[in-house]
Amino acid sequence: MSHVQDVVFDIQVWWTRPLRSAVRHVGTLDSDERARFDAYRQDDDRLRFLTGRVLARFAVARRLGTDPAEITFDATCPDCGKPHGRPRVVGAGNVALSLSHSGDRVGVAVTGGVPVGLDVEYVNRRATDDLIGYALNDTERAAIATSDPDAFFTYWARKEALMKATGHGMKIPLRSITVSAPGDHARLVAASDAALDPATTTLLDADPGDGYRAAVAVLTGDPVRLTERWMSNTTA
Ligand SMILES: CC(C)(COP(=O)(O)OP(=O)(O)OC[C@H]1O[C@@H](n2cnc3c(N)ncnc32)[C@H](O)[C@@H]1OP(=O)(O)O)[C@@H](O)C(=O)NCCC(=O)NCCS
């Protein structure tokens, strides 16, 4: 009798805070990354970017069983050719990753064989009516009217994780995506973009700690297993 075994995609999410100690890794940046690092005007943005690259090299190296110094990224933007797009791992096309930074959090999601998107949001403000109107459709606006005001950020993180998994980013209008209500388990309900089919998309909430909302999207209907860990200061 044949036995069909489910594929399980392992998703590893690594979190850290922007690391002052990451400065000693500036030399590990390639020339494109170094140019981006140098171009940031704000120290906080520069440190978040550098920490993202340190964390991404660490996470990918852990997955591949190699040294972080061996990992090279290609972040060529498919739209304009500049090196600010979604990074892919040179020489390991099966590995997929997604980076996100917000406030005092930097995260990376790593998996294999399936596109992944990660988004973290710092809940440091009240969502304005303009922002709510930009991001949420009628059903979702009605849902947040009766829930915790910070629920907006759960919607935002879930939708942005989905957009990032497709690689299209903000080109997909947020209002064209409908996700489950913040109190319900994360799920894509509907989307007008062909890349986002509820039958072949998995959405999960992640936990970067108090004051933050985060979500991970994976473009598969097969089972996924999410593991979240923190990279320690001493590792970097
Ligand atoms: C991807 C995007 C949604 C990021 O949003 P954000 O909330 O500002 O930032 P986050 O910290 O959550 O994510 C940023 C990371 O997303 C990744 N990223 C960039 N473009 C991406 C894309 N099209 N799809 C998925 N991920 C992308 C990068 O790794 C980036 O971090 P890095 O620059 O340090 O490597 C937004 O930048 C976007 O829509 N970009 C694509 C379209 C665009 O504006 N292109 C520029 C003109 S050609």
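A residue is near a molecule or strand if its C-beta atom, placed from the backbone, lies within 6 Å of it. The model is predicted: local features need pLDDT of at least 70, side-chain atom pairs count only at pLDDT 80 or more, and totals for chains, interfaces and linings use all residues. Numbering starts from 1 along each chain as its sequence is written.

Q: Which residues come nearest to the ligand?
A: The ligand has 22 residues around it. Those that come nearest are Arg86, Leu99, Ser100, Gly169 and Met170.

Q: Which element supplies the largest share of the shell around the ligand?
A: Helices (H or I, at least four residues) and strands (E, at least two) are DSSP runs, numbered from the N terminus. Helix 2 (43-64), strand 4 (95-102) and helix 5 each supply at least two residues of the shell. The largest share, four residues, comes from strand 4.

Q: What is the order of the strands in the open sheet of three strands?
A: Two strands pair if DSSP finds at least two bridges between them. Seven bridges join strand 6 to strand 10 (residues 212-218), and strand 6 (116-122) and strand 9 (202-206) are the edge strands, each pairing on one side only. With antiparallel pairing, the order is 6-10-9.

Q: Which helix packs on the sheet?
A: Contact requires C-beta atoms, placed from the backbone, within 7 Å. Axes are lines fitted to C-alpha atoms, for helices over the stretch in contact, and angles run from 0 to 180 degrees between N-to-C directions. The helix touches strand 6, strand 9 and strand 10, and its direction makes about 150° with that of strand 6. Its residues are 151-166, and it is helix 5.

Terms used:
Contact = placed C-beta atoms within 7 Å.
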